[in-house]
Amino acid sequence: MDPIADFLTRVRNGIKARHRVVEVPASNMKKGITEILFNQGYILSYKFEDIAPQGVIKIALKYHPVTKASAIKHLSRVSRPGLRQYSGAENLPRVLNGLGIAIVSTSKGLMTDKDARSQNLGGEVLCKIY
């Protein structure tokens with residue numbers, strides 16, 4: 001199993017089912033991805049709960065108030081356990097010509113492609129979101 005792909009699939013399924021809140025088993029990598037999604041405005045809020053030995057992340061999904069469209073249109077995994085995708089700072093992908101984000105795992109932690117490019121860091125491209 002790929003825990004990051006499972007995280008993205010739970011969020012994607014929650015959006016398709018129009019759920020308000022999605023619960024995901026916690027890990028440090030998933031917490032970092034959740035914080036990036038919140039800071040970039042793709043989710044409404046999040047909460048870390050340590051109820052089980054592993055813990056749970058509760059993510060409140062964000063929808064447009066009138067059209068009820070989700071803030072996340074597309075969510076896809078790039079690097080996977082069978083085929084890791086690494087990029088240097090100059091070759092980081094631009095998602096929708098800068099309208100979306102790619103989450104990159106660098107030596108200084110998780111960050112968006114724009115932050116990694118500005119700090120001249122490369123790393124493993126985890127996922128793309130727009």
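In what order do the 3 strands of the open sheet lie? In this predicted model, the order is 1-3-2, and the pairing is antiparallel. Strand 1 (21-25) and strand 2 (43-49) stand at the edges. Each has a single partner strand, so one side of each lacks a neighbour in the sheet. On average, neighbouring strands are turned by 20° against each other, direction ignored. Strands of a sheet pair through backbone hydrogen bonds, in either a parallel or an antiparallel sense. Here, strand 2 and strand 3 are joined over 6 bridges, in the antiparallel sense. One residue pair to look at is Y46 and I59: I59, in strand 3, is the bridge partner of Y46.

Two helices are placed against these strands. Helix 1 (residues 3-16) packs on the sheet and touches strand 1 and strand 3. The direction of helix 1 makes about 165° with that of strand 1. Helix 2 (residues 28-39) lies across strand 1, strand 2 and strand 3. Relative to strand 2, helix 2 runs at about 150°.

Aromatic side chains were examined next. The count comes to 2 aromatic pairs. F38 and Y46 form an edge-to-face pair, with 5.3 Å centre to centre and 75° between the planes. The edge-to-face label applies because the angle of 75° is over 60 degrees. Y46 and F48 also form an aromatic pair, at 5.2 Å centre to centre. The planes of Y46 and F48 are 50° apart, and this pair is tilted. F38, Y46 and F48 thus belong to one aromatic cluster. How exposed are its members? F38 has a relative accessible area of 35% and is partly exposed. Y46 is partly exposed at 28%. F48, at 30%, counts as partly exposed too. A charged residue is also placed at this cluster: K31 lies over the face of F48, at 5.2 Å from the ring centre.

A further site centres on T112. This residue lies in strand 7 (residues 109-112). Is T112 buried or exposed? Its relative accessibility is 4%, so T112 counts as buried. The side chain of T112 makes a polar contact with the side chain of D115, at 3.2 Å. Leaving aside residues up to four places away in sequence, T112 touches I36, Q40, I101 and A102.

Backbone geometry was inspected last. Most residues other than glycine have a negative phi. Which values do K68 and N97 take? K68 is not a glycine, yet its phi is positive, at about 60°. N97, likewise a residue other than glycine, has a positive phi near 55°. Both positions fall in loops. K68 is found between strand 3 (56-61) and strand 4 (75-77). N97 is placed in the loop between strand 5 (86-87) and strand 6 (101-106). Their accessibility was also computed. K68 is partly exposed, with a relative accessible area of 44%. N97 counts as exposed, at 72% relative accessibility. The N97 label follows because 72% is over 50%.

Notes:
Residues numbered from 1 in each chain as written. Predicted model: local features only at pLDDT ≥ 70, side-chain atom pairs only at ≥ 80, totals over all residues. Heavy atoms only, no water. Helix = DSSP H or I, 4+ residues; strand = E, 2+ residues; numbered from the N terminus. Buried < 20%, exposed > 50% of the residue type's maximum accessible area, 1.4 Å probe, protein only. Phe/Tyr/Trp six-rings, centres within 6.5 Å; stacked < 30°, edge-to-face > 60°. Lys NZ or Arg CZ within 6 Å of the ring centre and 35° of its normal. Polar contact = N/O pair within 3.5 Å; in protein donor to acceptor, adjacent residues only side chain to side chain. Contact = heavy atoms within 4.5 Å. Pairing = 2+ DSSP bridges. Axes fitted to C-alpha atoms, helices over the stretch in contact; angles between N-to-C directions.
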